[in-house]
Amino acid sequence: MLYEWKIAIRFLRDGKAQTLFILLGIAVGVAVQVFLSSLIGGLQDDLVNSTIGNSPQITVKGKEQSFENLSSTAFINTPKKNEELENFEDVMSAIASINSIKSISPSITGNGFLRKGNRNSSIIVKGINLELADQIYNISNRLVSGTSFLDANYILIGKSLAEEFDYKIDDILQITLPQGEVQNFIVGGIFDLETENLNSSWIFMELTRAQRLYNLGGNINSLEIQVDEPFEADIIAKRIEEIYPSVETDNWKEQNAQLLTALTSQSSSSLTIQAFVLLAIALGISSVLAVSVVQKSKQIGILKAMGILDRDASFIFLFQGFILGIFGALLGVLLGLGLSYMFTTFAINEATGEPVVPLSINLGFIFLSAGIATLASTIAALVPARKSSKLSVIEVIRNG
């Protein structure tokens, strides 16, 4: 089969311009795939990271309990509430042993009001273990002033909340609970979670202090979890509920259905474009090699007259398609990576100096694209290969 390779390479060398155009066509197609997948992948990673990168992906809480009592009108239409999580340390230990759990943090979430002069605002108090919560919210690295020290009556407040009420480090802050009780705290640090809603309403305090504030004893009302694979959050959440039937879970996929729809649409659009690019490559190769069969019919006729088999004549063009696919794919990968590099170098946000969209280079997808392009190129050569096998030596000689 060595001579078929040699003939295939010789045919490609004889038509240098033709070969070059085919290589460029394949290279451009693969480059588009590489660049497009990097762009879409980077955009999706950026969207997901900005949405759930520093927030819980799964929240575990007690099952809702209804206090309706049909025999007593005093309890009719009483709203449901979440039960407290008791013995949460044991629950944490069991959940932490599940594969794919990245971090887990106990949390208390309560409501309150902030008043200062004529200004007032509703707030959300988050009782946390700072060391564990830092693995989710990255609080320590998001302080704009003060320290992340949480103990006794020291708290952390959001940047927008501090600006609205003109709070500085070591200022006294009064929190009014829903039942009217007022308690004083000291502003130990000001954070910026890069989300206006959180910066204008959240206050962090130490977990045990929040337990005393809301009279929870040694209990909490939620466990906040991040996982290694965010898109498997719903599966892991179901597994947690199977292990602990007394709890219920929320996950980011249920809370961000519109985002998931947008991500799915982006992926579908990208795959559709890439499929049409591959189709264009295959049609182009098939057309050019079909013309090549006509151009090389005299040489093929002579080779058949010398004893070459129809099957071997077919292999000549299949090998041409394979060779074109290999070198075209390699050239396309280099071109696609070059485009990606130029995009991240020149398409930058002037304010931050960061790329407008941080590209995500997926080596697995790059190798897959190169392999598919090579396969498509080889398959595209089947039509001209079959045509060459059907060439009649007598007719070739008769027609010159």
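Okay, let's start with a puzzle: which residues form a nonpolar patch on the surface? Hold that thought for a moment while I set the scene. What you see above is a predicted model, so please keep that in mind throughout.

First, the overview. The protein has 400 residues, and 42% of them count as buried. In terms of secondary structure, there are 15 helices and 12 strands. About 21300 Å² of the protein is exposed, and 57% of that comes from carbon and sulfur atoms. Now look at how the chain meets itself: take the contacts between residues at least 6 apart in sequence, and 74% of those join residues at least 24 apart.

Right, back to the patch. Its members are Val-28, Val-32, Ile-273, Leu-335, Leu-339, Tyr-341, Met-342 and Phe-346, and together they have about 760 Å² of accessible area. Where do they come from? Helix H2, residues 16-52, and helix H12, residues 310-346, each supply at least two of them. The most generous contributor is H12, with five residues. Let's pick out one of these: Tyr-341, which sits in H12. Tyr-341 counts as exposed because its relative accessibility is 58%, and the cut-off for exposed is over 50%.

Now for the inside. Find helix H8, which runs over residues 233-243; Ala-233, Ile-236, Ala-237 and Ile-240 are buried there. If you look down the axis of H8, those buried residues fall within an arc of 105 degrees, so they line one face of the helix. And what do they pack against? Quite a list: strand S1 (58-62), helix H3 (88-96), strand S4, strand S11, strand S12 (247-251) and helix H9 (252-255). Turn to the face of H8 that points away from the buried side, and you'll find the exposed residues Ile-235, Lys-238 and Glu-242. Notice that one of those exposed residues is an isoleucine, Ile-235.

Next up is helix H4, residues 130-137, where Leu-130, Ala-133, Ile-136 and Tyr-137 are buried. Down the axis of H4, the buried residues fall within an arc of 115 degrees, so here too they line one face of the helix. Their cover includes four strands: S4 (101-116), S5 (119-128), S10 (202-206) and S11 (222-227). Just after H4 comes Asn-138, and its phi is positive, near 55 degrees.

While we're on positive phi, here are a couple more. Ser-100 is not a glycine, yet it has a positive phi of about 80 degrees. You'll find Ser-100 in the loop between H3 and S4. Is Ser-100 buried or exposed? Somewhere in the middle: at 24% relative accessibility, Ser-100 counts as partly exposed. Asp-166 isn't a glycine either, and its phi is positive too, at about 55 degrees. Asp-166 is in the loop between helix H5 (159-165) and S8. With 43% relative accessibility, Asp-166 also counts as partly exposed.

Let me finish with three small polar residues. Start with Ser-107, in strand S4. Its relative accessible area is 0%, so Ser-107 is buried. What is Ser-107 in contact with, leaving aside its neighbours within four places in sequence? The answer is Lys-126, Gly-127, Leu-207, Ile-220, Asn-221, Ser-222 and Glu-224.

Then there's Thr-176, in strand S8, residues 172-176. Thr-176 is buried because its relative accessible area is 11%, and buried means under 20%. Try finding Phe-113 from there: Thr-176 and Phe-113 are 63 residues apart in sequence, but their C-alpha atoms are 5.0 Å apart in space. Not counting residues up to four places away in sequence, Thr-176 touches Gly-112, Phe-113, Arg-115, Glu-181 and Val-182.

Last one: Thr-374, in helix H13, residues 363-380. Thr-374 has a relative accessible area of 9%, so it is buried as well. Beyond its neighbours within four places in sequence, Thr-374 is in contact with Phe-322, Gly-325, Ile-326 and Ala-329.

If you want something to do with the viewer afterwards, go back to H8 and look for its two sides: Ala-233, Ile-236, Ala-237 and Ile-240 are the buried residues, while Ile-235, Lys-238 and Glu-242 are on the face turned away from them. That's me done, thanks!

Note on methods
Residues numbered from 1 in each chain as written. Predicted model: local features only at pLDDT ≥ 70, side-chain atom pairs only at ≥ 80, totals over all residues. Heavy atoms only, no water. Buried < 20%, exposed > 50% of the residue type's maximum accessible area, 1.4 Å probe, protein only. Arc of directions from axis to C-beta. Contact = heavy atoms within 4.5 Å. Patch = residues over 30% accessible without salt bridge, like charges linked within 9 Å, V, L, I, M, F, W, Y side chains within 5 Å. Areas by Shrake-Rupley, 256 points an atom, 1.4 Å probe, with all protein chains shown as cover. Salt bridge = Lys/Arg side-chain N within 4 Å of Asp/Glu carboxyl O.
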